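Q: Could you take a close look at one part of this model, the interface between its two domains, and describe what each side brings to it?

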Amino acid sequence: MKVGVIGAGSIGLLFASYISKIFEVTIYTRTEDQAYQINENGILLRKKAIIKQSSVKALPISSWKGIEDFTIVTVKQYQLSTVLEQIKHLSKRPKNLLFLQNGMGHLKLLEEIKGINLFVGTVEHGALKENAYTVSHNGEGATNVAIFRGDFSCLQNFATKVPADFPIHVQEDYYLMLRNKLIVNAVINPLTSIFQVKNGELIQNKYFFRVLTSLFGEISFILNLDHPEEHLRQVMGICKKTAENRSSMLKDIEANRLTEVDAILGFILEEADKQEKQAPLLEIVYYCIKGKEPAKGGEL
Ligand SMILES: NC(=O)c1ccc[n+]([C@@H]2O[C@H](COP(=O)([O-])OP(=O)(O)OC[C@H]3O[C@@H](n4cnc5c(N)ncnc54)[C@H](OP(=O)(O)O)[C@@H]3O)[C@@H](O)[C@H]2O)c1
């Protein structure tokens with residue numbers, strides 16, 4: 001099976017490195033220079049003290065023709081529209097696309113794509129791009145995938161063939177799969193970014209924990225959770241397990257990059273709007289993050 005990976009950031013390099021043991025992979029980069037560097041050096045995967053090199057073909061995204069059997073899209077949510085626009089101009093439509101973005105804001109963009117089997121996924125790994133061709137695998141986990149629309153068979157085939165040390169689990173219900181991860185991200189990411197703390201401090205500091213439970217309460221009401229206590233336990237469990245980690249949103253804010261807050265809190269605020277529900281705390285938290293994003297804070 002030929003597999004395309006769009007985006008050679010942390011997740012794109014991680015996936016390309018692992019799955020190239022099994023599949024013929026082409027990774028598509030935003031810049032020509034990154035494609036050149038990957039072709040020269042391969043992809044280096046760092047896991048603790050061990051570095052493994054894999055040979056993966058790289059091309060700039062301008063050369064993407066959509067000819068692979070299965071394509072994994074690993075750009076950030078706010079970078080998706082450029083990729084989706086490009087699909088419209090391909091002479092041959094890709095057959096199967098898997099989207100690995102955090103949040104749920106991308107679902108409305110996927111609604112507009114016709115005639116392609118569409119899948120979505122959530123990634124539990126922690127990965128960090130070190131340079132154009134090196135990625136560090138900092139946290140091992142699994143990838144969950146589910147069908148969004150179309151025919152299932154290629155996803156199933158892909159998931160059963162991936163290497164055992166890089167598991168991909170096929171889930172029944174894409175909405176529940178994405179929603180469960182969304183709840184965790186919606187609480188931990190923005191609060192750690194506003195308070196500028198590691199994940200563990202949200203449950204260790206009793207005042208931050210009060211804010212966490214209030215925010216969770218609003219999210220639970222808007223998403224109509226049947227068993228909110230289970231989700232709250234999950235959020236607290238992740239704060240505990242990743243106590244020493246800095247959330248991806250905090251890292252984005254510290255590096256003066258855009259965040260995925262629109263995909264995460266923006267989606268929940270839209271849900272609140274549709275249901276005519278009030279979400280005062282969620283709104284404040286959302287605007288606190290928007291205000292910290294580059295070049296946005298001063299605009300009125
Ligand atoms: N990293 C993690 O550990 C992790 C864990 C779970 C979930 N996720 C999710 O996975 C998604 C990707 O995250 P990430 O950490 O891999 O982000 P990232 O490191 O920023 O990677 C995104 C990559 O996409 C490239 N790109 C942007 N527009 C492109 C285009 N039009 N064509 C081709 N490439 C393009 C970027 O290139 P440039 O750098 O050249 O702009 C960048 O290399 C996010 O939704 C994130 O929330 C990440």
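A: **The interface between the domains**

In this predicted model, the centres of domain 1 and domain 2, taken over C-alpha atoms, are separated by 26 Å. The contact draws 17 residues from domain 1 and 14 residues from domain 2, where domain 1 covers residues 2-172 and domain 2 covers residues 177-290.

Between them, domain 1 and domain 2 bury about 1,500 Å², and 65% of this area lies on carbon and sulfur atoms. Within domain 1, the residues that lose the most area to domain 2 are Y78, N102 and M104, which together account for 42% of what that side buries.

Turning to the polar part of the interface, 8 residue pairs are counted in polar contact between domain 1 and domain 2, with both residues at pLDDT 80 or more. The rule also finds 2 salt bridges across the interface of domain 1 and domain 2. A salt bridge joins the side chains of K76 and D252, with a distance of 3.4 Å from N to O.

As for the secondary structure involved, the side of domain 1 that touches domain 2 receives at least two residues from each of α4 (107-110), β8 (117-123) and β11 (143-149), and β8 gives the largest share of that side, 4 residues. Sorted by class, the side of domain 1 that touches domain 2 consists of 7 nonpolar, 8 polar and 2 charged residues.

Note on methods:
Residues numbered from 1 in each chain as written. Predicted model: local features only at pLDDT ≥ 70, side-chain atom pairs only at ≥ 80, totals over all residues. Heavy atoms only, no water. Domains from an automatic or database assignment. Contact = heavy atoms within 4.5 Å. Buried area = accessible area lost by both parts, 1.4 Å probe. Salt bridge = Lys/Arg side-chain N within 4 Å of Asp/Glu carboxyl O. Polar contact = N/O pair within 3.5 Å; in protein donor to acceptor, adjacent residues only side chain to side chain. Nonpolar A, V, L, I, M, F, W, Y, C, P; charged D, E, K, R; others polar.
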